[in-house]
Amino acid sequence: MRITNVNVLVLSYKYNNGIADALNYFSKRNVVVALLDTDSGLQGIGESACFGGPPQSTKNIIEGELKNYLIGEEPTNIERIWQRMWFGSRHHGRRGLLQAGISGIDIALWDLIGKQAKMPLYRLFGGYTNKLKPYASAGFYQEGKGLKELAKEVEGYLEEGFQYIKIKVGRTPEIMLCPTENMPNGDKCIVSIEEDLARVETCAKAVKNRGKLIVDVNNAWTPSIAIKMGREFEKMGVYWIEEPVATDDILGSAEVARALDIPIAGYESESGMFGFRELIENRSVDIVQPDVCWTGGFSECRRIAALASAYNLPVIPHVFSSGISLVANMHYIASINNGCLLEFDRNPYPLRDDLIIEKVKVDSDGYVRIPEEPGLGVRLNEKIVKKYLVK
């Protein structure tokens, strides 16, 4: 079996009322799908993250540069292909955009191997479990969403059976060095420190004795502010704090982790094994959060999971994109011994729910099951592709 072509689809969904985290305002959400064709007729499906810039940039990287390393290759030589892509493009960027491009290709390569072997990927990787406990990832800032609406949202997730719920904090430009004001639409959905504390307190009361509350800062704070806010969150019973400081502030995150009893999780915006090595070795995180669509695909993320395991740290990946991303990360978590919860985005988003024919749903026991079909076990819904395709 040889690779004959690489094709990239860009899909986009527009919100009527955008959602925001500490730094980013999402008026739309984009998806980059990587498709690998072979002379056997099998097609591999993957997804590349495209956060922080136009999705066309990722498409151009894959089709204009990384594709050159793929045509004519045997897909089973994944390690060789991965290393050729990574070293060959190293002067263009050792993380970020190129790593995201490599991620989508790596996922598609493994999908091909799983299909050829007639095995689901989590079993091909060794198989640790066939089910995962999801947590509701939501609680974004939004125009018209006050404390009452936020509390009602959280109550809804509890009624659906979620035991863990994550909300956003940190959209507070009044805090020194907060990057929000430098971001596109940085003037939308702004709150004060007091309002942010009220958001967390309201949600903490809603979940008390019924579940666990998680807060996500998305890199908005300095270490001193993170410690100050974290001490308040400790009183409220927050379960973990995600990305409290800038991704590159390795020692700052370690300072926060030492100062607080609440676990520190991160950093989804790191995109390579060497960056995660620094986070892990410096004890900057208590929970490790790579994303297979952002951090080099299954190949790199499995290396990161092994490193985390050596330090007895759990892996709870970042998952915030299409149904392809969701299922790919599910296979990843289910295949490692230190995988834990599954991030389950609950914002309205048809490219998560409808892009793949095989629906991901929470069963009555509160778990999601891993697909048992070969490879990723997903098929694209062509009607949805056509509806949201960017031409």
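# Pockets, sheet and core of a predicted model

The lining of the largest pocket holds 14 nonpolar, 12 polar and 10 charged residues. Here Ala, Val, Leu, Ile, Met, Phe, Trp, Tyr, Cys and Pro count as nonpolar, Asp, Glu, Lys and Arg as charged, and the others, Gly among them, as polar.

The model is predicted: local features need pLDDT of at least 70, side-chain atom pairs count only at pLDDT 80 or more, and totals for chains, interfaces and linings use all residues. Residues are numbered from 1 along each chain as its sequence is written, and side-chain values use heavy atoms, with hydrogens and water left out.

## Two pockets

The largest pocket encloses about 860 Å³ of space. It has 36 lining residues, and Asn24, Phe26, Phe51, Gly52 and Gly53 are the closest to its centre. β2 (25-38) and β6 (164-168) are the elements that give two or more residues to this lining. β2 makes the largest contribution, 6 residues.

A few terms are needed here. A pocket is an open set of points on a 1 Å grid over the protein atoms alone, where a 1.4 Å probe fits, with protein on both sides within 12 Å along at least five of seven lines; lining residues have an atom within 4 Å of a point. Its volume is the space filled by probe spheres set on the points, which are joined across faces, edges and corners. Helices (H or I, at least four residues) and strands (E, at least two) are DSSP runs, numbered from the N terminus.

The second largest pocket has a volume of about 260 Å³. Among its 18 lining residues, Gly96, Leu97, Ser269, Ser271 and Trp294 lie closest to the centre. Helices α1 (55-64) and α3 (96-117) each supply at least two lining residues, and α3 gives the most, with 3. By class, this lining has 7 nonpolar, 8 polar and 3 charged residues.

## Strands side by side

Strands of a sheet pair through backbone hydrogen bonds, either parallel or antiparallel. In this model, two strands count as paired if DSSP finds at least two bridges between them.

An open sheet has 7 strands in the order β10-β9-β8-β7-β6-β5-β11, with parallel pairing. β10 (287-288) and β11 (342-345) are at the edges and have a single partner strand each, so one side of each lacks a neighbour in the sheet. Inside the order, β5 (residues 134-137) and β6 pair in parallel over 2 bridges. Ala136 stands opposite Ile165 in β6.

β2 and β3 run antiparallel and are joined by 6 bridges. Val33 faces Glu47 of β3 across this pairing. The two strands form a hairpin with 4 residues between them, and Gly41 in the turn has a positive phi of about 95°. Of the 6 residues in β3 (residues 43-48), 5 are buried. Buried means under 20% relative accessible area, exposed over 50%, and partly exposed in between (1.4 Å probe, protein chains only).

## The nonpolar interior

Which residues have the most contacts inside the largest nonpolar core? They are Val33, Leu66, Trp221, Phe233, Ile241, Val288 and Phe298, in a core of 126 residues. Strand β1 (residues 3-20) gives the most to this core, with 10 residues. A nonpolar core is a set of buried Ala, Val, Leu, Ile, Met, Phe, Trp, Tyr and Cys residues joined through side-chain atoms within 4.5 Å.

Take Ile241. Setting aside neighbours within four places in sequence, Ile241 is in contact (heavy atoms within 4.5 Å) with residues including Val215, Val217, Phe233 and Leu260. Another core, of 8 residues, lies apart from the largest one; Tyr135, Tyr164, Ala265 and Leu341 are among its members.

Helix α8 (residues 250-259) has buried residues too: Ile250, Gly252, Ser253, Ala254, Val256 and Ala257. The buried residues of α8 pack against α7 (223-236), β9 (264-266) and α9 (273-281).

## Unusual backbone spots

Most residues other than glycine have a negative phi, and most peptide bonds are trans. The bond from Gly266 to Tyr267 is cis, with omega near -10°. Tyr267 sits in the loop between β9 and α9. Two residues other than glycine have a positive phi.

| Residue | Phi | Loop | Relative accessibility |
|---|---|---|---|
| Asn209 | near 65° | between α6 (193-207) and β7 (212-216) | 78%, exposed |
| Arg283 | near 55° | between α9 and β10 | 44%, partly exposed |
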